[in-house]
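Take a walk through this structure, from its overall build down to single residues. Keep the 3D view open as you read.

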Amino acid sequence: MLTTRFATQVDAEAALPIPLSCHARDGRDLSGQAAYVWGLNNIVGSAGECCALCAAHQKHCGTQTHPAQEYAPGKKCGRGRGRCNAWVFCAGSDRAGAEDRCFSYDIHKHVKGECWLKFEGNLSSPVAAGPTLPAPFRAAERKKWPWAVPEQLWPGPPPERLTWQSGIVADAAAPTWRAPRQPGWYHSFCKRV
C-alpha cells in the first residue's frame with residue numbers, strides 16, 4: 001500500500017471512521033463510471049472535506065427510498081441508487097490567469113473547490129488522467145486537443161502537471177491504485193500524433 005504525505009494529510013483531515021481511508025492521490029483526475037454529485041455545484045474547501053462527503057454519501061445514499069434524504073447538511077442524496085466510492089477535488093492551479101481553476105479536456109470551467117462524488121468499479125486499476133500530461137499533449141495546437149477547450153476556459157497550453165486530487169473511499173487495506181489506467185481520450189490522441 002502506497003502512503004504519501006499527501007494521502008496521510010487528507011486522511012487526517014477527513015477523519016473517516018476506522019477502517020476507512022481516502023486513498024488520496026495528488027495530480028490525478030479520476031474518471032469513474034458515474035458521477036452522483038457534480039462538482040460544478042458542489043464547492044468545498046479541501047480534498048479532505050471532499051473525501052468526507054464521499055464517505056457520507058456512501059453511508060447514507062444508494063438504498064434510500066426517499067431521495068430527499070440528506071447525506072450532509074444541505075446536501076441531498078437525489079434519485080440515484082448508487083453510492084460514492086471515489087472523489088475528485090479541484091485544488092486550483094499555479095498557472096497565471098488560471099489560479100482559480102483546474103485543467104480538463106471538456107467544455108466546463110472547473111473552479112477551485114469543486115468536489116465530484118463518483119463511483120469507480122475497479123478500485124485497483126481506476127481510470128485517472130495524470131499525474132502529468134506528456135509533452136506531445138502540451139505542444140499540440142489547440143485545435144488538435146482531444147476536445148476543443150476555449151481560451152476563456154483555460155489560457156495557454158495544457159499544464160505539465162494536473163492539479164486535480166482524487167481518491168477512493170475504501171478499507172485502509174484495500175488494494176487501491178495498483179495500476180491506474182489513462183482515459184480513452186489519452187490513447188486516442190497518442191495514436192494521432
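**From surface to core**

Start with the surface. The protein chain exposes about 9600 Å², and carbon and sulfur atoms supply 55% of that area. Keep in mind that this is a predicted model. Beneath the surface, 47% of the 193 residues in the protein chain are buried.

Now step back to the overall form. The C-alpha atoms of the protein chain fill a box of roughly 50 × 35 × 30 Å along the principal axes. The radius of gyration of the protein chain is 17 Å, which agrees with the value near 16 Å that a compact globule of 193 residues would have. The secondary structure of the protein chain consists of four helices and 13 strands. Sequence-distant pairs carry much of the packing: of the contacts with a separation of 6 or more, 76% link residues 24 or more positions apart. Charge is worth a glance too. The protein chain has 23 positive and 16 negative charges, and the mean positions of the two sets are 6 Å apart.

Which residues touch the most other members of the largest nonpolar core? They are Val10, Cys51, Tyr71, Trp87 and Leu117, in a core of 26 residues. Two helices, α1 (5–14) and α2 (47–60), each supply at least two residues of this core. So do three strands, β5 (70–72), β7 (86–90) and β10 (115–119). The largest share, seven residues, comes from α2. There is also a second, separate core of 15 residues. Tyr105, Phe137, Ala140 and Tyr186 are among its members.

Next, look at the loops. Phenylalanine 103 sits in the loop between β8 (101–102) and β9 (110–111). Is phenylalanine 103 buried or exposed? Its relative accessible area is 4%, so phenylalanine 103 is buried, the cut-off for buried being under 20%. Its partners beyond four places in sequence include three tryptophans: Trp145, Trp154 and Trp164. Leu133, Leu162, Pro158 and Pro159 are also in contact with phenylalanine 103. Proline 136 lies 33 residues from phenylalanine 103 along the chain, and their C-alpha atoms are separated by 16 Å.

Aspartate 100 belongs to another loop, the one between β7 and β8. With a relative accessibility of 35%, aspartate 100 counts as partly exposed. Which residues does aspartate 100 contact beyond its neighbours within four places in sequence? They are Lys109, His110, Val111 and Lys112. Tyrosine 71 is 29 residues from aspartate 100 along the chain, with 27 Å between the two C-alpha atoms. Tyrosine 71 has already appeared, as one of the residues that touch the most other members of the largest core.

Turn to the backbone. Alanine 15 is in the loop between α1 and β1 (20–21). Its phi is positive, about 50°, although alanine 15 is not a glycine. Alanine 15 has 60% relative accessibility and therefore counts as exposed, since the cut-off for exposed is over 50%. Isoleucine 168 is 153 residues from alanine 15 along the chain, and 14 Å separates their C-alpha atoms.

Proline 19 is also in the loop between α1 and β1. A cis peptide bond joins isoleucine 18 to proline 19, with omega about 15°. Another cis bond runs from glycine 130 to proline 131, where omega is near 0°. Proline 131 lies in the loop between β11 (128–129) and α3 (135–139).

Finish at histidine 23, in the loop between β1 and β2 (25–26). Histidine 23 is a residue other than glycine with a positive phi, near 45°. Its side of the burial scale is clear from the number: at 4% relative accessibility, histidine 23 counts as buried. Alanine 15, with its own positive phi, counts as exposed.

How values were computed:
Residues are numbered from 1 along each chain as its sequence is written. This is a predicted model: local features need pLDDT of at least 70, side-chain atom pairs count only at pLDDT 80 or more; totals for chains, interfaces and linings use all residues. Side-chain values use heavy atoms; hydrogens and water are left out. The radius of gyration is taken over C-alpha atoms; the globule rule is 2.2 Å times the number of residues to the power 0.38. Buried means under 20% relative accessible area, exposed over 50%, partly exposed in between (1.4 Å probe, protein chains only). Contact means heavy atoms within 4.5 Å. Accessible areas come from the Shrake-Rupley method with a 1.4 Å probe; for residues, only the protein chains shown count as cover. Lys and Arg count as positive and Asp and Glu as negative; His and the chain ends are not counted. The place of a charge is taken as NZ of Lys, CZ of Arg, CG of Asp or CD of Glu. A nonpolar core is a set of buried Ala, Val, Leu, Ile, Met, Phe, Trp, Tyr and Cys residues joined through side-chain atoms within 4.5 Å.
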